[in-house]
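Here are my notes for someone opening this one for the first time. Keep the viewer open while you read, and hop between the points in any order.

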Amino acid sequence: MNKVLFFAHLRDAVGEEFLSLDAAGKTVAVLKTELAAKYDLPRMETVMTAINEEFASNDEVIREGDEIAFIPPVSGG
C-alpha cells in the first residue's frame, strides 16, 4: 500500500488529507491521471509530486510502501 497526500485545493477536492492506495508499479503520471478522473482533480499537469519527501518526475515508478505527495503550485505576491 501507498500513502498519497494531498495539499491545498487538491485536499478540498478529494475530501481527505490522504488516501491509502495500491500504486506500486505505476508511474507518477498514471497515478495522476487515475486520481484526476476519479476525484475530478483540476490541472494535475501543474502539480508537483514528491515521493518519500523528494521531488519526483512524472515518469518515476512508485514502489510498495512509498509515500506520494501532490503539491499544487503556490501563488503569492
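What follows is a set of numbered points on a predicted model.

1. Let's begin with helix H2, which runs over residues 28-39 and has 12 residues. From its first C-alpha to its last, H2 reaches 16 Å, close to the 16 Å expected at 1.5 Å a residue.

2. Which residues of H2 are buried? They are Val28, Leu31, Lys32 and Leu35. These four cover an arc of only 100° around the axis, so they end up on the same side of H2. If you turn to the face pointing away from that buried side, you'll find the exposed residues Thr33 and Ala37.

3. So much for the helix itself; now for its surroundings. What covers the buried residues of H2? The cover includes four strands: S1 (2-6), S2 (18-21), S3 and S5 (67-71). Keep S3 and S5 in mind, as both come back below.

4. Just after H2, have a look at aspartate 40, which takes a positive phi of about 55°. As background, most residues other than glycine have a negative phi. Two further positive values turn up in point 7.

5. Threonine 49 is a good residue to click on next. It belongs to strand S3, which spans residues 48-51. Is threonine 49 buried or exposed? With a relative accessible area of 2%, threonine 49 is buried, because the cut-off for that class is under 20%. Not counting residues up to four places away in sequence, threonine 49 touches Val28, Lys32, Glu54, Phe55, Ala56, Ile68, Ala69 and Phe70. Two of those names, Val28 and Lys32, are also among the buried residues of H2. The C-alpha atoms of threonine 49 and valine 28 are separated by 7.7 Å, and the two residues are 21 residues apart along the chain.

6. Over in strand S5, try glutamate 67. At a relative accessible area of 27%, glutamate 67 is partly exposed. Its contacts, again leaving out residues up to four places away in sequence, are Lys3, Leu5, Ala50, Ile51 and Asn52. How far apart are the C-alpha atoms of glutamate 67 and asparagine 2? They are separated by 5.7 Å, although the residues are 65 residues apart along the chain.

7. The loop between S3 and strand S4 (54-56) deserves a stop, and asparagine 52 is found there. Asparagine 52 has a positive phi of about 50° although it is not a glycine. Glutamate 53 has its place in the loop between S3 and S4 too, and its phi is near 70°, again a positive value in a residue other than glycine. As for accessibility, asparagine 52 is partly exposed at 38%, whereas glutamate 53 counts as exposed at 73%. Asparagine 52 also appears among the contacts of glutamate 67.

8. On to the charged side chains. How many salt bridges does a search of the whole structure find? The search finds two. One joins lysine 26 and glutamate 34, with the closest N and O atoms 2.6 Å apart. Lysine 26 counts as partly exposed at 25% relative accessibility, and glutamate 34 counts as partly exposed at 35%.

9. The other salt bridge is formed by aspartate 66 and arginine 63, and here the closest N and O atoms are 3.8 Å apart. The pair counts because the cut-off is 4 Å. Which partner is buried and which is exposed? Aspartate 66 is buried, with a relative accessible area of 4%, while arginine 63 is exposed, with 53%.

10. Last, the rings. A search of the whole structure finds one aromatic pair. Separately, look at lysine 3 and phenylalanine 18: the charged end of lysine 3 sits over the ring of phenylalanine 18, 4.4 Å from its centre. You've met lysine 3 already, as one of the residues that glutamate 67 touches.

Technical notes: Residues numbered from 1 in each chain as written. Predicted model: local features only at pLDDT ≥ 70, side-chain atom pairs only at ≥ 80, totals over all residues. Heavy atoms only, no water. Buried < 20%, exposed > 50% of the residue type's maximum accessible area, 1.4 Å probe, protein only. Helix = DSSP H or I, 4+ residues; strand = E, 2+ residues; numbered from the N terminus. Contact = heavy atoms within 4.5 Å. Phe/Tyr/Trp six-rings, centres within 6.5 Å; stacked < 30°, edge-to-face > 60°. Lys NZ or Arg CZ within 6 Å of the ring centre and 35° of its normal. Expected span 1.5 Å × (residues − 1). Arc of directions from axis to C-beta.
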